[in-house]
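User: Could you take a close look at one part of this model for me? I'd like to hear about the empty spaces and the helix packing around them.

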Amino acid sequence: MLFNLLFPLADDFQLFNLFRYITFRTGGAMLTALIISFLIGPGVIRWLKSMQGAGQPIRTDGPETHLKKKGTPTMGGLMIMISVLISTVLWVDVTNAYTWIVLLVTVGFGLVGFGDDFLKLTKRNTKGLSGRGKMVAMIVVSGVATAWYLHVAQSPLDTSLAVPFLKDVLVPLGFLFGPWAVFVIVGSSHSVNLTDGLDGLAIVPIMIAAASFGLIAYLSGNAVFANYLQIHHVPGTGELAVFCGALVGAGLGFLWFNAPPAMVFMGDTGSLAMGGALGTVAIITKHELVLAIIGGLFVLETVSVIVQVASFKLTGKRVFRMAPLHHHFEKKGWSEPTVVIRFWIIAVILALAGLSTLKLR
């Protein structure tokens with residue numbers, strides 16, 4: 001919005017010419033989201049405590065060390081969503097449809113997560129919304145977002161799948177692109193949700209992925225850089241770097257309050273929204289397969305759950321001591337900070353591997 005209001009005045013006030021640069025507005029969105037998080041954080045936490053009383057219910061079948069977390073409020077994802085929404089709208093070009101598509105998924109999935117968290121608190125158990133109910137709601141939201149994307153995207157990129165490491169290769173999906181896009185967005189959301197189980201575990205990999213896709217969005221939206229790197233040029237995606245910058249700033253602000261011992265949990269409100277947003281950015285920038293590399297930690301957590309459930313149903317035996325994967329290492333005796341920091345390191349390594357696909361072609 002600042003771009004649309006102030007950049008037209010650049011002829012009279014040279015300073016406003018800065019708003020034409022996506023890099024400047026990305027930095028502005030990041031700083032704005034960080035400041036908003038710091039400002040509203042204490043108030044949001046106090047409000048959540050007053051509304052929730054005993055806080056988020058803790059799984060009795062989980063690691064014993066988690067029982068001391070009883071009473072910690074959840075729904076801290078509200079803090080992230082507020083910061084991201086305000087800072088994005090302030091710094092992005094509001095005429096860019098791609099940004100609104102991502103915001104639609106962010107808000108839509110956030111509302112689904114809010115409903116899930118709210119039921120967990122009111123029912124005083126860890127179940128919340130039914131799995132089927134959540135899935136249907138998320139498919140509807142991602143389906144609307146996909147239809148909107150197909151309306152504004154340009155052919156042949158709109159319904160095609162780009163392949164990492166191979167330049168100028170597009171796999172035409174045709175009518176299958178819709179289900180594929182919904183799968184990526186919903187799958188990304190669920191993967192982040194499964195990872196959100198320890199203090200600070202999910203938010204840092206989210207920021208790492210957001211920063212990586214902020215760079216990808218900027219490069220793919222710039223014809224010169226896209227041509228140099230031999231990646232597919234997607235006009236208009238540069239504005240998504242502003243959203244990703246806002247997500248990084250909001251994540252840093254949330255981490256201030258979520259660092260061990262956490263003062264607030266993200267809850268499904270935040271994890272579903274942020275995961276869905278990352279999946280949507282990946283779809284729009286044509287880097288869906290790269291998301292599986294950059295967000296490889298989320299993939300590992302999801303695969304561990306799938307393997308655990310499949311193994312137990314087929315053989316009656318468990319592969320891991322507990323799933324998702326981070327609980328397995330807790331059961332092996334790793335302290336929570338050890339698990340969290342080592343998983344952060346893995347997230348950084350995978351992000352670097354994913355970004356290398358921009359040049360290795």
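Analyst: Here's a walk through the cavities, then a helix pair, then a pocket. This is a predicted model, with local features needing pLDDT of at least 70, side-chain atom pairs counting only at pLDDT 80 or more, and totals for chains, interfaces and linings using all residues. Numbering runs from 1 along each chain as its sequence is written, and side-chain values use heavy atoms, with hydrogens and water left out.

Two cavities of 30 Å³ or more turn up. On a 1 Å grid over the protein atoms alone, a cavity is a set of points where a 1.4 Å probe fits but cannot get out, and lining residues have an atom within 4 Å of a point. Points are joined across faces, edges and corners, and a volume is the space filled by probe spheres set on the points.

The largest cavity comes to about 70 Å³. Its lining includes Ala162, Pro164, His232, Lys286 and Arg361, and splits into six nonpolar, two polar and two charged residues. Here Ala, Val, Leu, Ile, Met, Phe, Trp, Tyr, Cys and Pro count as nonpolar, Asp, Glu, Lys and Arg as charged, and the others, Gly among them, as polar.

The second largest cavity holds about 50 Å³, and no charged residue is in its lining: seven are nonpolar and two polar. Among the residues around it are Tyr149, Ala181, Ile185, Thr280 and Ile283. α5 (131–152), α6 (177–195) and α10 (267–284) each give at least two of the lining residues; helices are DSSP runs (H or I, at least four residues), numbered from the N terminus.

Now for the helix pair: α6 and α10 pack at about 145 degrees, with axes 7 Å apart. Axes are lines fitted to C-alpha atoms over the stretch in contact, and angles run from 0 to 180 degrees between N-to-C directions. Among the contact residues (heavy atoms within 4.5 Å) are Ala181, Ile185 and Ser188 of α6 and Gly276, Thr280 and Ile283 of α10. By class, that contact has nine nonpolar, eight polar and one charged residues.

α6 also helps line the second largest pocket, supplying seven residues, the largest share. A pocket is an open set with protein on both sides within 12 Å along at least five of seven lines. This one has about 360 Å³ of space, and of its 16 lining residues, Phe183, Gly187, Ser188, Ser191 and Val299 are the closest to its centre. α11 (288–294) and α12 (296–315) each add at least two residues, and the whole lining has ten nonpolar, five polar and one charged.
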